[in-house]
Amino acid sequence: MLDRELSNVGQRGDEHWTAQCPTLDTTVSNIGQSSVQRWTRFCPPNVQTPRGWHPRAESPVNIGQARYVVHIPCVTCKTQRRVVYWRVSSRRGGVSFWLAGAGGVWYYRRVNIKGMRMLRVLSGFCLGVLLCGAVQAQEPVCPLGAEYRFNRTMSDEFNGAALDSARWMDLNPTFYGRKPGVFDHRNVGVKDGMLELWARALKPEEVSYENRLRGFDRFSTAIVKSRQKVRYGYFEARCKGMHAAVCNAFWLYDPLSDAPEKKHRPGDVSEEIDIAEFFGKSVKPGNERILFNTVHCLKTPYVEATANGGVVALENRSGKTKVEFDFWADFHTYGCLWTPQEIRWYLDGKEVFRRTNDYFKRPLHLMLDCEIMETWVGLPDTKDLPAVFQVDYVHVWDLPK
């Protein structure tokens with residue numbers, strides 16, 4: 001049976017599998033014979049639908065639109081309840097399939113098909129929806145437990161044609177960049193269900209007069225900042241880093257964004273929680289394949305990457321986790337549990353670091369960016385640029401009441 005076959009496949013991403021299921025549409029069940037097309041294990045615990053997917057009982061009437069994404073569930077197999085999710089990427093001429101395996105395990109495969117063959121595949125799935133019925137959409141379940149409440153306002157699947165401007169800013173009004181790199185809103189984009197943050201080398205003629213005088217003259221990078229703040233919860237992003245000596249980061253900061261009179265005068269502090277920082281390459285040794293989890297508490301006056309009134313000494317302020325993979329080779333999940341009592345960090349669902357919460361009690365903005373870190377790892381090789389930091393989703397859950 002399909003359920004038994006898929007539930008026992010290996011953990012390694014280099015093992016290829018093809019599915020045999022007579023109840024699936026024949027066009028779908030017989031694809032995937034090439035070794036390029038693979039089943040990839042995706043196993044979020046206690047999740048009933050794949051993260052970032054919201055199935056709807058609709059017909060795919062708008063497939064021809066660029067970047068349009070359709071989500072339809074189809075219940076297949078007469079003797080077992082089988083669910084296949086799929087979405088269409090018309091620009092790339094392909095269909096992505098999600099198949100439910102045993103024990104809450106999900107499997108994913110992308111198939112590149114075009115023209116009439118795509119129509120045959122889609123028509124087979126639409127017929128399955130009509131015959132078998134639709135599955136109700138469900139919100140993502142927190143890996144820490146179903147009692148955590150999903151925060152729709154702060155979460156994003158990046159399934160639109162562009163960044164949601166009601167939720168995010170594609171530039172930070174008070175943080176211009178980290179010299180010699182400057183944040184540029186044109187390096188922020190959404191494509192094929194992914195947030196893309198690009199780092200590029202600048203040509204001399206691309207540098208403005210003002211940025212040349214200020215020292216932002218060699219690289220351009222990207223940043224997004226949530227318009228709203230959030231305090232406490234579980235935060236998770238599924239990301240794939242860039243293959244360059246550029247910092248890829250998922251973080252929380254800026255409690256005083258709405259109080260510049262406090263931020264730029266002595267007498268207060270500015271807190272920051274770095275959920276994940278990592279590099280695809282490092283000019284300086286000791287930084288590759290290291291996940292950094294850190295907190296900062298900087299005295300005011302505070303100006304990002306420029307000046308502060310001093311650093312508050314914190315115990316156990318940073319964790320380093322050596323990983324066995326390259327951050328740029330595949331997607332991984334990076335999480336953080338922030339409570340009034342403690343802060344915990346997670347990698348692919350496993351806790352890697354924790355500390356007592358001493359200073360971090362105020363609402364913070366949610367951030368994603370790529371930055372130049374010359375002092376930390378050195379400058380990136382221009383041959384490695386442009387490079388992209390991809391984010392599949394950002395999920396936020398509020399703490400249980």
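This passage walks through the fold, the cores, a pocket and a few backbone oddities of one protein chain. The model is a predicted one, so local features need pLDDT of at least 70 and side-chain atom pairs count only at pLDDT 80 or more, while totals for chains, interfaces and linings use all residues. Residues are numbered from 1 along each chain as its sequence is written, and side-chain values use heavy atoms, with hydrogens and water left out.

The protein chain holds six helices and 21 strands (DSSP runs numbered from the N terminus, H or I of at least four residues for helices and E of at least two for strands). Of its 401 residues, 54% are buried; here buried means under 20% relative accessible area, exposed over 50%, and partly exposed in between, with a 1.4 Å probe and protein chains only. Taking the contacts (heavy atoms within 4.5 Å) with a separation of 6 or more, 70% are between residues 24 or more positions apart.

Strand β21 is a good place to start. Because 11 of its 12 residues are buried, β21 is largely enclosed by the rest of the structure. Strands count as paired if DSSP finds at least two bridges between them, and β21 has several partners. β12 pairs with β21 in the antiparallel sense over seven bridges, with Ala237 partnered by Val394 and Glu236 opposite His395. β10 also runs antiparallel to β21, over five bridges, and there Leu197 stands opposite Phe389. The short run β6 (residues 149–150) adds two antiparallel bridges to β21, with Phe150 facing Trp397.

β12 (residues 233–240) is mostly covered too, with seven of its eight residues buried. Besides β21, β12 is joined by seven antiparallel bridges to β17 (residues 332–338), where Trp338 is the bridge partner of Gly233. Lys240 belongs to β12 and counts as partly exposed because its relative accessibility is 23%. Leaving aside neighbours within four places in sequence, Lys240 touches Phe327, Trp328, Ala329, Asp330, Phe331, Val388, Phe389 and Gln390. Its C-alpha atom sits 5.2 Å from that of Gln390, although the two are 150 residues apart along the chain.

β21 turns up again in the nonpolar interior. A nonpolar core is a set of buried Ala, Val, Leu, Ile, Met, Phe, Trp, Tyr and Cys residues joined through side-chain atoms within 4.5 Å. The largest one has 63 residues, and Leu195 and Ile273 touch the most other members. β21 (residues 387–398) gives the most to this core, with six residues. A second, separate core has 15 residues, including Cys247, Trp251, Phe279 and Ile290. Beyond its neighbours within four places in sequence, Ile273 is in contact with ten residues' worth of surroundings listed as Trp251, Leu252, Thr294, Val295, Cys336, Trp338, Ile343, Trp345, Phe360 and Leu364.The second largest pocket encloses about 430 Å³ of space. A pocket is found on a 1 Å grid over the protein atoms alone as an open set of points where a 1.4 Å probe fits, with protein on both sides within 12 Å along at least five of seven lines, and lining residues have an atom within 4 Å of a point. Grid points are joined across faces, edges and corners, and the volume is the space filled by probe spheres set on the points. Of the 23 lining residues, Arg178, Glu272, Asp274, His296 and Met373 are the closest to the centre. β13 (247–253), β14 (269–279) and β15 (290–299) each supply at least two residues of this lining, and β15 gives the most, with four. By type, the lining splits into 11 nonpolar, five polar and seven charged residues; Ala, Val, Leu, Ile, Met, Phe, Trp, Tyr, Cys and Pro count as nonpolar, Asp, Glu, Lys and Arg as charged, and the others, Gly among them, as polar.

That leaves the backbone. Most residues other than glycine have a negative phi, and most peptide bonds are trans. Lys179 and Pro180, however, are joined by a cis peptide bond with omega of about 5°, and Pro180 sits in the loop between β7 (168–169) and β8 (181–183). A cis bond also links Thr300 and Pro301, with omega of about 5°; Pro301 is in the loop between β15 and β16 (318–322). The loop between β15 and β16 also holds Asn316, a residue other than glycine with a positive phi near 50°. Asn316 counts as partly exposed because its relative accessibility is 45%. Tyr232, in the loop between β11 (219–230) and β12, is not a glycine either, yet has a positive phi of about 70°. Tyr232 is buried, with a relative accessible area of 12%.
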